[in-house]
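Work through the exercises below with the sequence and the coordinates at hand. Each task is followed by a stepwise solution.

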Amino acid sequence: PAYLDGTYPGDYGWDSAGLSADPETFAGFRETEVIHARWAMLGLLGCITPEIIFGQSWFTAGAEILKEDGLNYLGREQLVHAQNVLATVGIQVVLMGLAEAYRASGTGPAGTVDGDERIYPGGSFDPLNLSEGDLADLKVKEIKHGRLAMVSMLGLYVQAITTGEGPIAAWKAHIADPAGANGFAFATQFVPGN
């Protein structure tokens with residue numbers, strides 16, 4: 001379509017449903033996609049890290065706070081010793097609420113931002129000075145990695161539901177037995193007659 005001319009990061013001219021025809025809606029979708037992409041990239045890291053460091057899958061790690069001695073971040077009580085689920089959730093809601101309110105309104109403790117500055121780094125939130133380099137190339141890389149991360153998160157959800165294993169354990173099982181530990185082998189369990 002004419003409105004997708006390749007000027008936006010990750011824009012390859014494909015919009016069969018016409019979701020991007022309205023410029024205001026398209027701007028909202030772009031911002032939402034970047035935010036979701038960033039959360040998905042952080043989520044992937046958060047899904048792999050507990051299994052690498054503690055040998056515990058990401059979907060069981062949250063239950064640690066319900067144990068009698070609570071949750072000690074990085075195994076050290078001196079860092080954060082969380083024992084109250086409501087307090088932990090309350091703190092997260094307040095902090096995320098403030099961050100989202102600042103992002104959505106474009107105003108915050110560091111000043112006011114408009115347009116693409118609400119989505120991409122620059123000004124007060126650019127500790128690595130990334131906006132001074134080839135920012136257009138970094139925007140494309142970010143959205144490509146983010147789209148891959150969003151699909152990967154879906155894969156981790158399905159994997160956790162179907163196998164009950166984390167990504168590292170499932171990967172090790174697949175390396176040990178590629179023919180027996182894969183999605184196709186698991187799916188055949190549901191074929192009538194098995």
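**Exercise 1. Describe the second largest pocket by volume, lining and residue class.**

Step 1. The second largest pocket holds about 500 Å³ of space. A pocket is an open set of points on a 1 Å grid over the protein atoms alone, where a 1.4 Å probe fits, with protein on both sides within 12 Å along at least five of seven lines. Its volume is the space filled by probe spheres set on the points, which are joined across faces, edges and corners.

Step 2. The model is predicted: local features need pLDDT of at least 70 and side-chain atom pairs count only at pLDDT 80 or more, while totals for chains, interfaces and linings use all residues. Residues are numbered from 1 along each chain as its sequence is written, and side-chain values use heavy atoms, with hydrogens and water left out.

Step 3. The lining of this pocket has 21 residues (an atom within 4 Å of a point). Trp-14, Ser-20, Phe-26, Glu-33 and Arg-147 lie nearest the centre.

Step 4. Helices α1 (23-54) and α4 (135-163) each give at least two lining residues. The largest share, five residues, is from α1. Helices here are DSSP runs of H or I with at least four residues, strands are E runs of at least two, and both are numbered from the N terminus.

Step 5. Sorted by class, the lining has twelve nonpolar, four polar and five charged residues. Nonpolar covers Ala, Val, Leu, Ile, Met, Phe, Trp, Tyr, Cys and Pro; charged covers Asp, Glu, Lys and Arg; the others, Gly among them, are polar.

**Exercise 2. Follow helix α1 from its span to its buried residues.**

Step 1. With 32 residues, α1 reaches 47 Å from its first C-alpha to its last, close to the 46 Å expected. The expected span is 1.5 Å times one less than the number of residues.

Step 2. Buried residues of α1 (under 20% relative accessible area with a 1.4 Å probe, protein chains only) include Phe-26, Arg-30, Val-34, Ala-37 and Leu-44. An α-helix has 3.6 residues a turn, so residues three or four places apart point the same way.

Step 3. The buried residues of α1 pack against α2 (58-61), α3, α4 and α5.

Step 4. Just after α1 comes Gly-55, with a positive phi of about 70°.

**Exercise 3. Locate Ile-168 and Ser-152 and relate each to a residue distant in sequence.**

Step 1. Ile-168 belongs to helix α5 (residues 167-176). Its C-alpha is 8.9 Å from that of Gly-55, 113 residues away in sequence.

Step 2. Leaving aside neighbours within four places in sequence, Ile-168 contacts Ile-48, Glu-51 and Ile-52 (heavy atoms within 4.5 Å).

Step 3. Ser-152 sits in helix α4. The C-alpha atoms of Ser-152 and Leu-44 are separated by 7.6 Å, with their positions 108 residues apart along the chain.

Step 4. Why does Ser-152 count as partly exposed? Its relative accessible area is 27%, and that class runs between the buried limit and the exposed one, which is over 50%.

**Exercise 4. Place Asp-69 and list its contacts.**

Step 1. Asp-69 lies in the loop between α2 and β1 (71-72).

Step 2. Asp-69 is partly exposed because its relative accessible area is 47%.

Step 3. Beyond its neighbours within four places in sequence, Asp-69 contacts His-81 and Gln-83. The C-alpha of Gln-83, 14 residues apart along the chain, is 7.2 Å from that of Asp-69.
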